[in-house]
Amino acid sequence: MPLVRFISPRDPRWIATLGGIERELVSDSLVYRYRLDDSFSDGLTGQEGTFSMCSFWYVECLSRMGDLQKARLYFEKMLGYANHLGLYGEELGPRAQHLGNFPQAFTHLALISAAYDLDRRLSTAGYAA
């Protein structure tokens, strides 16, 4: 929501929403699209992976919120999931294998947006690259 300027990244309602997302959908730097449990099925076979685009959106939300150290740490962790060409799949599996559409353009756009925002905010705050 803050990425499309629907709400301020520092609005208490958004911060509470992000907290819920962190509790329910974030595993370290990786973000699930939704949580599957025994009572829910999306109708697809196989295990749901984390969504790389959502993980980069999460980084950018942290950056816009002002949590630059956490945003930078998670951004750097996400960079480690790229393949040898620096590309990402739509999802990351439990052993960091690339799943779904590959390469995934939306993920790379989210990476660029997160990198741009984080770099700008780190530079303004006086952090070294």
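Student: In this predicted model, how many bridges join strand E4 to E5?

Tutor: Strand E4 covers residues 91-92, and E4 and E5 run antiparallel. Within this pairing, Leu-92 stands opposite His-98 of E5. The number of bridges joining E4 to E5 is 2.

Student: Which strands are the edge strands of the open sheet?

Tutor: The open sheet has 3 strands with antiparallel pairing, in the order E3-E4-E5. An edge strand pairs on one side only. The edge strands are therefore those at the two ends of this order, given that strands pair if DSSP finds at least two bridges between them. They are E3 (50-51) and E5 (98-99).

Student: Is Phe-6 buried or exposed?

Tutor: Phe-6 lies in the segment before helix H1 (12-25). Together with Met-1 and Val-4, Phe-6 forms a nonpolar surface patch with about 370 Å² of accessible area. Because its relative accessibility is 64% and the cut-off is over 50%, Phe-6 counts as exposed.

Student: What is the phi of Asp-28?

Tutor: Asp-28 is located in the loop between strand E1 (26-27) and strand E2 (30-31). Asp-28 counts as partly exposed because its relative accessibility is 40%. Although Asp-28 is not a glycine, its phi is positive, at about 60°.

Student: Which residue in the loop between E4 and E5 has a positive phi near 65°?

Tutor: The residue is not a glycine. Its relative accessibility is 30%, so it counts as partly exposed. The residue is Ala-96.

Student: What is the omega of the cis peptide bond that joins Phe-102 and Pro-103?

Tutor: Pro-103 is found in the loop between E5 and helix H4 (105-124). For the cis bond joining Phe-102 to Pro-103, omega is about -15°.

Notes
Residues are numbered from 1 along each chain as its sequence is written. This is a predicted model: local features need pLDDT of at least 70, side-chain atom pairs count only at pLDDT 80 or more; totals for chains, interfaces and linings use all residues. Side-chain values use heavy atoms; hydrogens and water are left out. Helices (H or I, at least four residues) and strands (E, at least two) are DSSP runs, numbered from the N terminus. Patches are made of residues with over 30% relative accessible area and no salt bridge: like charges are joined within 9 Å, nonpolar side chains (Val, Leu, Ile, Met, Phe, Trp, Tyr) within 5 Å. Accessible areas come from the Shrake-Rupley method with a 1.4 Å probe; for residues, only the protein chains shown count as cover. A salt bridge is a side-chain nitrogen of Lys or Arg within 4 Å of a carboxyl oxygen of Asp or Glu. Buried means under 20% relative accessible area, exposed over 50%, partly exposed in between (1.4 Å probe, protein chains only).
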